[in-house]
Amino acid sequence: MNSSKILEIQNLHKSFGDFKAVNNISLHVNKGDIYGFLGPNGAGKSTTLRMVLGLIKPNQGHIFINKKNISGNNRKFLNDIGALIEKPDFYKNLSALDNLKILYKMSNLKNDERIFEVLNEVDLWDKRNQKVGGFSQGMKQRLGIAQTLLHEPSLIILDEPSNGLDPQGQADMRELILRINKEMQITIIISSHILSEIEKIANRMVVINNGEKILEGNVNDLMAKELLKVSFKSSNTVQLSDFLKTENIEFEERNENIIALINEESIPNVIHKITQKNIPISEVKQMRTLEELFLGLTK
Ligand SMILES: Nc1ncnc2c1ncn2[C@@H]1O[C@H](COP(=O)(O)OP(=O)(O)O)[C@@H](O)[C@H]1O
Ligand SMILES: [Mg+2]
């Protein structure tokens, strides 16, 4: 995938009265990204996404979509974006298919094959004739995603799509997002206040807190930035802890586990030395998730 910028935000500001909801946020989303938009509740995620969609106006800053500066009255750029910002609103007494047909007509779309395509894509083909009122939360969310796909956008924005879903619904949602990204080559921005949710699917991400950007980048790079917690299981923790002491590696002991803080680059070397010294190791696990990093940063 090429890395041209499909969305760029420069020094965006939004205040409500004296309150700065978005304070000088800059970021960019590359074509093909699954871009995670992370922050605790009230961080400014929805406010930022609403500005991208032209639903509210920034006080300052610029938004570029496909390199074009979006000004207040230019709505043409929206043709290229699909969005699920609030809970999707459907007619409960109508079927999934009829709901999409209505939206389809309202948007003046021409190729109605597309309705069948998107129903298939979100795994609702078999349920197409059922009333939406009887749908589970997860099915409603998937129908909401189907709706964002109708007009063949190249970017879709999903604001907390996993909210209110049970673990199975969340897993289905992740699978669906990955599939849309891969099969339909659609760039996806997904926001969440739960980092583990994003960590599982996003390739790039931003973390915001109190309206400010804390960090942005490649998810893998962000994970590698600091010391990693590595958990070793060993039947000889005495030997292992002696070794870690000689290497000046910080560690904590818990039963037959030792949790050590190791620089990512030195992990292979440390493991090599452990095996050279015949220290018994039955398990090695990397403990630090982006979630821990996130919690530390936003505390
Ligand atoms: N229309 C509004 N008027 C006043 N305050 C608002 C408005 N919209 C959002 N806010 C405030 O801005 C902050 C950021 O909100 P929001 O962008 O919805 O956060 P997030 O989506 O990250 O949970 C919150 O403190 C919220 O109360
Ligand atoms: Mg929000």
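Contact here means heavy atoms within 4.5 Å. In that sense, in this predicted model, helix H1 (residues 45-52) lies across strands E1, E2 and E4 (60-65). The helix runs at about 120° to E1.

The strands beneath this description belong to an open sheet of four, ordered E2-E1-E4-E5, with antiparallel pairing. Strand E2 (19-30) and strand E5 (68-69) form the edges, each pairing on one side only. In general, strands of a sheet pair through backbone hydrogen bonds, either parallel or antiparallel. Strand E1 (residues 5-16) and E2 are joined in the antiparallel sense over nine bridges. A convenient landmark for a newcomer is His13, which stands opposite Asn23 in E2.

Helix H1 also offers a way into the charged pairs of the model. Side chains of opposite charge can pair when their charged atoms come close. The count of salt bridges comes to eleven. One of them joins the side chains of Glu160 and Lys45, at 3.5 Å from N to O. This pair links distant parts of the chain: Lys45 sits in helix H1, while Glu160 lies in the loop between strand E7 (155-159) and helix H5 (167-183), 115 residues apart. Glu160 counts as buried because its relative accessibility is 12%, under the 20% limit. Lys45, at 4%, is likewise counted as buried.

Both residues reappear around Ser192, a member of strand E8 (residues 187-192). Leaving aside neighbours within four places in sequence, Ser192 is in contact with Lys45 and Glu160, as well as with Phe37, Leu38, Gly39, Glu197 and Ile198. With a relative accessibility of 6%, Ser192 counts as buried. A polar atom of the Ser192 side chain lies 2.8 Å from the backbone nitrogen of Ile194.

Other salt bridges can be found elsewhere in the model. The side chains of Glu8 and Lys5 meet at 3.6 Å, N to O. Here Glu8 is partly exposed, with a relative accessible area of 21%, and Lys5 is also partly exposed, at 30%. In helix H5, Arg179 forms a salt bridge with Glu175, the closest N and O atoms being 3.8 Å apart. Because Arg179 and Glu175 are four residues apart in this helix, about one helical turn separates them. Glu175 counts as partly exposed, at 47% relative accessibility. Finally, salt bridges that share partners bring Asp33, Arg204, Lys213 and Glu216 together in one network.

Technical notes: Residues are numbered from 1 along each chain as its sequence is written. Chains are lettered from A and ligands numbered from 1 in the order in which they are written. This is a predicted model: local features need pLDDT of at least 70, side-chain atom pairs count only at pLDDT 80 or more; totals for chains, interfaces and linings use all residues. Side-chain values use heavy atoms; hydrogens and water are left out. Helices (H or I, at least four residues) and strands (E, at least two) are DSSP runs, numbered from the N terminus. Buried means under 20% relative accessible area, exposed over 50%, partly exposed in between (1.4 Å probe, protein chains only). A polar contact is a pair of N or O atoms within 3.5 Å; within protein, one must be able to donate a hydrogen and the other to accept it, and residues adjacent in sequence count only if both atoms are side-chain atoms. Two strands pair if DSSP finds at least two bridges between them. Axes are lines fitted to C-alpha atoms, for helices over the stretch in contact, and angles run from 0 to 180 degrees between N-to-C directions. A salt bridge is a side-chain nitrogen of Lys or Arg within 4 Å of a carboxyl oxygen of Asp or Glu.
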